[in-house]
Amino acid sequence: VRDGLLGSGPRSASPGRHSSMRGKLFRKYLVLIVTIVSVPLLANGAYEIWSTFRQHMTSLIRLQGEQADGAGAKIAQFIREIENQLGWMTQLTLASDSLEQQRFNARLLLRQVPAITEFTQVDGSGRERLRVSRLAMDVVDSGIDLSREARFTEALARKVYFGPVYFRRESEPYMTLARGGARRDAGVSIAEVNLKFIWDVVSQIKVGESGRAYVVDTNGRLIAHPDISLVLRNTDLSQLEQVKLARSSDRSGPSDPGLVSMDVYGRRVLAVHAAIAPLDWHLFVELPLDEANVPVYASLRATGLVLLAGLLLAVISSFIMTRRMVRPIHELQTGAARIGAGALDHRIRISTGDELQALGEQFNDMTSRLEQSHATLEKKVDERTKQLQLANLAKSRFLAAASHDLRQPLHALGLFVAQLHLDVGAEERGQVIARIDAAVSAMNELFNALLDISKLDADVLTPKVTGFPIARIFDRVEATFADAAAEKGLTLRFCPSNAWVRSDMILLERILLNLVSNAVRYTDRGGVVVGMRRQGNQLSLEVCDTGSGIPDDQRQNVFGEFYQLSSERGAGGLGLGLAIVDRLCDLLCHRIELTSRIGKGSRFAVTLPRAAPERERPDPPQAIRSIDDPLRGKVVVVVDDDVLVRDAMGGLLRGWGCEAVMAATGTAAITMLEKLGKRPDVIVSDFRLQESRTGIEVIEHLRGVYGEGLPAFLVSGDTAPEPLRAATDSGNYLLHKPVQPIKLRALLSQALKSGANNSSRAPRGSLAGQR
Amino acid sequence: MTAKEPRSRNRAWPGRRSVVSGLASAVLLSGTARAQREARPVVGFLHSASPETANRNLEAFRDALAQAGYREDKNVTILYRWAESRYDRLNDLVAELVDRRVSVLVAMGASDGPRAAKRATTSIPIVFGIGGDPIDAGLVANLNPQSGNVTGSTFFSTPLGPKRLEILRELLGGIRSAELMINPDNVNAKAELSRMSAAARELGLDFSSLNAISVADYDAALGTAAREKIGAIVVMTDALFNNTTEQLVAAAARHAVPTMYFLREFVTAGGLISYGASIINMYRQVGDYVGRILSGARPADLPVVQPTKFELAINISTVKTLGLAVPSSLLALADEVIE
């Protein structure tokens, strides 16, 4: 039932939460470990790729730059060569005597320089002297006036003239190159240069698979490209980024940082350029990025594969690691959850050989201990429940017995009182009164016994343990029962002993009284022997009788309240004696043993410690009762809410010569005292008053008005433990109803004699049955 | 500004297309040959002459085509049509190729071929290879056409006639007359003759023409020239002559007529002298253009290519055989002197 109750709630709610938490922990660790492993891997990979890429680009740019510079130099050389040749031709003009000679020179020039399609010699005045062409017949001494043309004037003025690039028949790129002589009369040599020859230079430049070199003129027009058709189509490249940049940049810049741009085909290329110095042309070397990056891609792929493999490995190992880490934790978690839900027989199984395993084992230890204590507890609860049931039963039985035992003398009392109402003789009346007395004292005895039990149960008795000679008790008990024993024809023998025992004298006397009373009561023949026996350091106080004996199966029961052996019912007695003995022995820590044989008798043995004998002081002589009655004329305040009790008490007190002030409450008492103009000498207050006030409060109240030293007693009909304890704690002497008039008188006398002393305050509880 | 990227010239590896079709052919090894043929582009190759002498030039064409990624019988089919110098057959041959829906029509040799092709189609790309001026021949409006379906290359031989005459006169010193050997079937013949006549006049030479329509005419024509003491002969740029190099050179030798040719191949075959550009380069150029068109280039984006190198070749042994002496000034200018 317990398991079910505890387990049903959390158990049904737990699986979802646990699994999500497990997932969290697993994910957390997995992510952490994967991150730890893969971040450096990725960073390293990225750095490697980046540096490879940079290195590769740098080397590509350097290579392309070298190629561009080389090709540029070659083209510049090509142009310079023509320039020089023309210079020579101009010089030769002066040296040669005939035009025929000059013509030969010119044809030689054409043979040597295939790029020159046509050569023209102009004299100092600007007249054409000679024109030699590859395609047409030579023209000698045409005298055409070229003196106003730029190729003549510029060449004369600046020695060299580079004409703009033009396209013959709209397709072939040409340039006019003219060279003037040192002297004006040397004239000018003009060459029409077919720039398709630069193709030889640019087409020789191999940049990877599909890299290209090409040349643009100062206007950005294409004049040399491996794809001759592009050149022939007179392509304008001035809008390309790299061309714009090259044309705007300083032509002397030797090293080009390279530029990623579009080429003429619209592909992304890495372009590096070199300026061709004398012409303001630009040579570009371009490599498509697709191709340029092939090694980078390859290395990227390789790095990527390694990275991927690394990551995969990292993930797998992280997975395994995390599983190994998290699994025992899960085991612990689910185990704890199950144990927490009440499954105490669950055991956690972890065999990782580390702290987690130790933790699991500790968990298991804890659980098994918990399981054990749980079982013990259950057993105890069962036992206690059984005990409680038994106690309840006993209480019921107790009540039934008590009421029965009270009814008997009450019944007898009623009969006796009825007898008194009849007109009877004085002798007979004396007999009846004696019987009433006996019935009252039987009731009194029963109430005292009940009170003793109650006090013992309430734990209000504090034993006062001292060393004393046992003989002192023996004397008194012997005196008590001598008559009764003699009446029944029994021998009552107390073996004289000079032993000293360590106990509470009064309580031990009660024990002995009860044991002897019992023995005398239940023994019909033979006798009772009381004696001390030494048992090592201990002493054994033994009471033996020759009664009917107690059967084995009832030995424990005889110590219960109102327990009487069935065979002995009607023998008198209340069945409380042994219960009191048992409780007292418990209180004093004395062991009590019972040995009995049916038909032979019983022996009760109380084991108690020895005490060192002291010199016995004689009891202080009993104070001789003063002849002067101390009660006479004293003001006694009685507070009780019961009118009958007030009247009875008032009558009794007045009979004793006291001035009795009877009140229902403390306030009423004060009012009455003021009316009389008297101070109280002693207070007697009922414990339980109206409006749930207590006698303690009343006493406090009156003492507050008339001084702290005012003697007071509490009278109570309660046998419940709580009021007993409260009264004891308040320090006031507690009398129990019914109060024997003699006892009340004795107490009042003592209190009034000691005057304002606090002697009336009882330092400890006492037993009602004390005599 | 953007242009189609050409296929790499020095590609050692076949293009993607060839790989794909190679794969396809491997898969369909015994499969339908038709599907295979359809997947493969077909080039129609028209030549005004016959295959024999064109072989070396064809090699250059095929090389260039292969470099552009197209290998004959691997991933391109070439349908050859030879007019055997009978120019009247050209139209039929062109029609045949157009009917076959070729991807590119190549027209080599006399400009009649490309002209017939141009007449036959405006959709099939035409790549010509001729010796004359393509503008004069009416093939293109200019060398950088930018529209139309025709492009090609010329070894720019026809316009060099006057130059050849000039050089020949220098070689032979004091000749007074010269003759142009023409193929009257060539549409350029008349124009060439008039241009040469003008040049001859300028040089102060008597000038006339010799006709040769076939190899059979060579001996008659050259014999006549020899008998008439014609000092020199310039051979007109024509596929017939180019196609029959050996026969023409042999005939010239038999009749001991100093002859100026338009290709160095004549000189290596024993001809006296030549001035002109390389025809092999032209074939190579045509092959390159065909490859580029097969790869998706438009003919309009491909300008007509002219040669840049013009070479003077002289055969010294022929000079000696003819009992001539080469002036040192000319010898010094020769790009190639063949012993």
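Helices, as named in these legends, are DSSP runs of H or I with at least four residues, numbered from the N terminus. The model shown is predicted.

**Figure 1. A salt bridge within helix α6 of chain A.** Helix α6 of chain A covers residues 241–248. Within this helix, the side chains of Lys244(A) and Glu241(A) form a salt bridge, with an N to O distance of 3.8 Å. The two residues stand 3 positions apart in α6, so about one helical turn separates them. An α-helix has 3.6 residues a turn, so residues three or four places apart point the same way. Both partners are partly exposed: Lys244(A) has a relative accessible area of 37%, and Glu241(A) has a relative accessibility of 47%.

**Figure 2. A salt bridge within helix α2 of chain A, and the network around it.** Arg103(A) and Glu100(A) are joined through their side chains by a salt bridge of 3.5 Å, N to O. Both residues belong to helix α2, which spans residues 99–112 of chain A, and they lie 3 residues apart, about one turn of the helix. Arg103(A) counts as buried because its relative accessibility, 9%, falls under 20%.

**Figure 3. A salt bridge in chain B.** In chain B, the side chains of Asp301(B) and Arg298(B) meet in a salt bridge, at 3.1 Å from N to O. Arg298(B) is partly exposed, with a relative accessibility of 47%. Elsewhere, salt bridges with shared partners link Glu100(A), Arg103(A), Arg107(A), Asp138(A), Lys163(B), Glu166(B) and Glu170(B) into one network. Two members of this network, Glu100(A) and Arg103(A), are the pair shown in Figure 2. Over all chains, the count of salt bridges comes to 31.

**Figure 4. Helix α9 of chain A and its start.** Helix α9 of chain A comprises 67 residues, from 355 to 421. The distance from its first C-alpha to its last is 95 Å, close to the 99 Å expected at 1.5 Å a residue. At the start of α9(A), a side-chain oxygen of Asp354(A) comes within 3.1 Å of the backbone nitrogen of Leu356(A).

**Figure 5. Chain A as the setting of the close-up views.** Chain A has 771 residues, of which 45% count as buried. Its secondary structure consists of 18 helices and 23 strands. Among the contacts in chain A with a separation of 6 or more, 63% are between residues 24 or more positions apart. The accessible surface of chain A is about 40,600 Å², and carbon and sulfur atoms contribute 55% of this area.

**Figure 6. Confidence in chain A and in the complex.** The mean pLDDT of chain A is 80, with 90% of its residues at 70 or more. In chain A, pLDDT stays under 50 over residues 567–571, for which the model has 6 contacts beyond four places in sequence. Residues 756–765 of chain A also stay under 50, and the model has 20 such contacts for them. For the complex, the predictor gives an ipTM of 0.82 and a pTM of 0.54.

**Figure 7. Confidence in chain B.** Chain B has an average pLDDT of 84, and 88% of the residues score at least 70. Within chain B, confidence is lowest in helix α1 (residues 16–27), where the mean is 43. Confidence in this chain is highest in strand β9 (residues 259–261), at 95. Over residues 1–38 of chain B, pLDDT stays under 50, and the model has 49 contacts beyond four places in sequence for this stretch.

Definitions and conventions:
Residues numbered from 1 in each chain as written. Chains lettered and ligands numbered in written order. Heavy atoms only, no water. Buried < 20%, exposed > 50% of the residue type's maximum accessible area, 1.4 Å probe, protein only. Contact = heavy atoms within 4.5 Å. Areas by Shrake-Rupley, 256 points an atom, 1.4 Å probe, with all protein chains shown as cover. Salt bridge = Lys/Arg side-chain N within 4 Å of Asp/Glu carboxyl O. Expected span 1.5 Å × (residues − 1). Polar contact = N/O pair within 3.5 Å; in protein donor to acceptor, adjacent residues only side chain to side chain. pLDDT = per-residue confidence, 0-100.
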